[in-house]
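Please find below a colleague's note, set out as numbered points. It is best read with the structure open beside it.

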Amino acid sequence: MATAEPLVLGIESSCDETGVGIVRGTELLTNTVSSSMAEHARFGGVIPEIASRAHLEAFVPTLQAALADADVTLDEVDALAVTSGPGLAGALMVGVAAAKALAVATGKPLYAINHLVAHVSVGLLDERGKLPENLGALLVSGGHTEILSVPDITGDVRLLGATIDDAAGEAYDKVARLLGLGYPGGPAIDKAARNGDPAAFRFPRGLTAGKYMGSAEKPGSHRYDMSFSGLKTAVARVVETFEASGQPVPVADVAASFQESVVDVISRKTALACTENSIDTLLMGGGVAANSRLRALVIERCRARGIEVIVPPLNLCTDNGAMVAALGARLVAEGRAATGIVFTADPGLPVSTVSMGTV
Amino acid sequence: MLSLDSSSIASAALTRNGEVLAEFATRDTRSHAEALAPAVYNLLGQAGIEPPQLKAILVGTGPGPFTGLRAGLVSARTFGFAWQLPVYGMCSLDALAHRAAQDAAEGTEFLVATDARRKELYWGRYMTHEDGHGRFARPVGGPQVTAPDQLPALPVHGYGAGLHAAQLPNLVTDSAEWQPTAADLSRAAWARQERGIELSTDTSPLYLRESDAKVAVHRKKALR
C-alpha cells in the first residue's frame with residue numbers, strides 16, 4: 001500500500017500522555033492529547049500505575065475526539081501506528097492492546113514504532129514536508145536524554161549518546177523537589193533560575209573528564225554520553241549545608257547553577273556530536289526542549305559551528321500521537337511492511353529499531 | 001457476543017445465547033496485551049462470524065493484576081467503539097462462580113478465589129439457586145482482596161485457592177485448577193439475561209488496591 005499521502009492514525013501511551021494524532025501524508029489533521037500530569041504533581045514525578053490507569057480511561061474518549069477534530073472516520077484511515085517502546089511497560093501495554101484491537105476491528109495494517117524516532121518525525125510535519133539531509137536530533141524529556149544521528153528516518157537511526165543514569169527532566173524534577181519548587185521541575189527551575197546567578201555554585205559536569213571524552217580520533221568511553229545523578233547529589237549537599245547552618249537556601253542561585261550545569265553539558269556534547277558526525281541540522285524534541293536556557297545555549301553553540309537548529313512547537317515536542325502518525329505515514333509512503341498484530345511492547349526498544357518486524 | 005477476560009489468564013469467546021461457538025485461553029497469566037487481539041481475529045475466522053453479526057461485547061472487569069486486566073478492558077472498549085456495539089462489564093469472579101454452581105445444591109453458599117499475588121487472594125461469596133433455567137450463582141458478598149486465612153469457612157473454588165491449599169481446609173480440590181474464562185463469563189451473563197436481569201454497561205476495572213505510590217514525606221532537614 002505505497003501511497004504518497006496515506007491517512008494514518010497514531011497512538012501514543014509510553015508515559016503520562018494519551019495521544020491520538022491523525023496525519024495525511026505530512027499534513028497534520030489533529031493532535032489530540034489527554035495528560036495525567038496533574039495526577040502526578042503531588043508525587044513530584046510520574047507514577048507508572050497512575051499513568052496506566054489514566055490511559056485506560058482516556059483512550060476511547062481521546063480516539064473519539066481525534067476523529068471528530070480531524071473530521072475523518074475509521075473507515076477512511078489507511079493505516080494505524082502505535083508506540084511500542086521505549087517507555088513504561090504498563091503504560092505502553094494499554095496503547096498497544098488498544099491499537100491491536102483497532103487493527104482487528106478495522107482490518108487496517110498496524111505499524112509498531114519507536115517512540116524516540118517518532119519524536120524526530122515531527123520534522124516531517126513542517127511546511128517542507130521532508131527531513132533535511134545530515135539530520136541529527138536531541139531529545140530531552142522526563143524519561144529521555146539522547147543524541148541521535150538520522151541518516152534515514154525509516155531505516156537508519158543511530159544512537160550517538162545518551163544519559164547513563166537519570167534523564168535530564170528527571171533531574172529537574174528531583175532538584176525542584178529539593179528546592180521546594182513545583183512539578184514539573186523543568187518550568188519551575190527555569191523560572192526560578194531567571195533571578196539567580198548561574199556561576200554562584202560550580203556544580204559538577206558529568207562525564208566531561210578527559211578519560212570519558214577522549215579525542216575525535218580516539219573517543220573515550222562516554223564521549224557523547226551524559227550523567228545527571230551526581231549533579232543531583234551535589235545540589236542536595238549544598239542545600240543540606242545551608243540548612244545545617246541555619247541559613248536560608250539561595251533557591252534562585254542554586255536553580256540557576258544547577259540548570260547551567262545541565263544545559264552546559266547537553267549543549268556542549270550535542271554540538272560536538274553533530275560536528276564529528278557531519279550533522280548540519282539538529283532537531284530538538286521532548287518536553288525539556290521548552291526550557292529557555294537549554295534552547296538558547298544549544299542554538300548558540302550549534303550555530304557557532306554552522307549547525308542549524310529546529311525547535312518544533314511545544315505541543316509537538318512533548319509526547320503526542322501526531323508524531324507516531326507522521327512516522328507511520330512515512331513508513332507507508334515508502335512501502336515498508338506493517339508489523340501486524342503479533343508483537344510485544346518493548347520498554348527498552350533500541351533506537352535502531354524504527355518499526356518492529358521491519359528492520 | 002464477543003467476550004474477553006484478562007483478570008488472570010487471557011481468554012476470549014464467541015457465544016450465542018450462552019452457547020460457546022469458539023473459545024481461546026492462554027495457559028500463562030502474563031501475555032494478555034499480546035494475545036487477545038490475535039485471538040479475536042482467529043476466533044472470528046474459526047466460527048465463520050463476520051463482525052457485523054456481533055451484537056455485543058462482554059468483558060470481565062476483574063479483580064485481577066492491573067496490567068493484564070487493563071489489556072482486556074481497553075481491547076473490549078475499543079472493539080465496542082470501532083464496531084459501534086454495547087460493551088457490558090461483569091465481575092470476573094462470576095465466571096468461576098457460575099461454573100462452580102453447576103455442581104452445587106440449591107441454597108449452598110460457597111467462595112471463589114483467584115490469585116492476587118503478594119500472598120493474597122481476590123475472592124467473592126456466592127449462593128447457588130435453581131429454577132426452570134437451571135442452576136446459577138448469585139453474588140452475596142465481595143469481591144475483595146485479603147490474605148487466605150481471612151476467608152470465611154465455606155467451600156472455596158478456583159486456582160487462587162489451590163495456590164494456598166495449606167491455609168484453606170475447605171478447598172474444593174476438583175476445582176483447584178479453575179481460572180475465570182471468557183466462555184464461563186458469557187455463560188454467567190446469559191444465565192442473568194434469560195432470567196430477565198439486564199447486564200451492566202459499567203466496565204470500570206475492579207482494581208481493589210490503590211497504586212503503591214506514596215506522597216513523599218517532607219524531606220528530613222539536615223541536623224543543625
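The points that follow describe chain B of this predicted model, from its sheets and helices to its domains and its contact with chain A.

1. The first sheet. Five strands of chain B make an open sheet, and their order across it is S3-S2-S1-S4-S5. The pairing in this sheet is mixed. Strand S3 (19-25) and strand S5 (87-90) of chain B stand at the edges; each has a single partner strand, so one side of each lacks a neighbour in the sheet. From one strand to the next, the twist averages 20 degrees.

2. A pairing within the first sheet. Strand S1 (residues 2-5) and strand S4 (residues 57-60) of chain B run parallel and are joined by 3 bridges. Which residue of S4(B) does Leu2(B) face? Leu2(B) stands opposite Ile57(B).

3. Helices against the first sheet. Helix H1 (residues 32-47) of chain B packs on the sheet, where it touches S1, strand S2 (11-16) and S3 of chain B. The direction of H1(B) makes about 145 degrees with that of S3(B). Helix H2 (residues 66-83) of chain B lies across S1, S4 and S5 of chain B, and it runs at about 170 degrees to S4(B).

4. Helix H1(B) in detail. With 16 residues at 1.5 Å a residue, H1(B) should span 22 Å; its end C-alpha atoms are 22 Å apart, so the two values agree. The buried residues of this helix include His32(B), Glu34(B), Leu36(B), Val40(B) and Leu44(B). What covers the buried residues of H1(B)? The cover includes S1, S2, S3 and H2 of chain B, together with helix H3 (89-106) of chain A. Just after the helix, Gly48(B) takes a positive phi of about 65 degrees.

5. The second sheet. Another open sheet of chain B has 4 strands in the order S8-S7-S6-S9, again with mixed pairing. Its edge strands are strand S8 (134-146) and strand S9 (156-157) of chain B, each of which pairs on one side only. Strand S6 (residues 109-115) and strand S7 (residues 121-131) of chain B run antiparallel, with 7 bridges between them. Within this pairing, Phe110(B) has Tyr126(B) as its bridge partner in S7(B). Helix H3 (residues 93-101) of chain B lies across S6, S7, S8 and S9 of chain B and runs at about 140 degrees to S8(B).

6. The two domains. The domain assignment divides chain B into domain 1 (2-91 + 181-194) and domain 2 (93-175). Taken over C-alpha atoms, the centres of these domains of chain B are separated by 22 Å. In chain B, 16 residues of domain 1 are in contact with 15 residues of domain 2. On the domain 1 side, helix H5 (residues 182-193) of chain B gives the largest share, 5 residues. By class, the residues of that side are 7 nonpolar, 5 polar and 4 charged.

7. The contact with chain A. How many residues does each chain bring to the contact? Chain B brings 31 residues and chain A brings 34 residues. On the side of chain B, the elements that give two or more residues are H1 and H2 of chain B. The largest share, 13 residues, comes from H2(B). The side of chain B that touches chain A has 21 nonpolar, 4 polar and 6 charged residues.

Notes:
Residues are numbered from 1 along each chain as its sequence is written. Chains are lettered from A and ligands numbered from 1 in the order in which they are written. This is a predicted model: local features need pLDDT of at least 70, side-chain atom pairs count only at pLDDT 80 or more; totals for chains, interfaces and linings use all residues. Two strands pair if DSSP finds at least two bridges between them. Axes are lines fitted to C-alpha atoms, for helices over the stretch in contact, and angles run from 0 to 180 degrees between N-to-C directions. Two residues are in contact if their C-beta atoms, placed from the backbone, lie within 7 Å. Domain bounds come from an automatic or database domain assignment. Ala, Val, Leu, Ile, Met, Phe, Trp, Tyr, Cys and Pro count as nonpolar, Asp, Glu, Lys and Arg as charged, and the others, Gly among them, as polar. The expected span of a helix is 1.5 Å times one less than its number of residues. A residue is buried if 20 or more other C-beta atoms lie within 10 Å of its own, exposed if 12 or fewer, and partly exposed in between; C-beta atoms are placed from the backbone.
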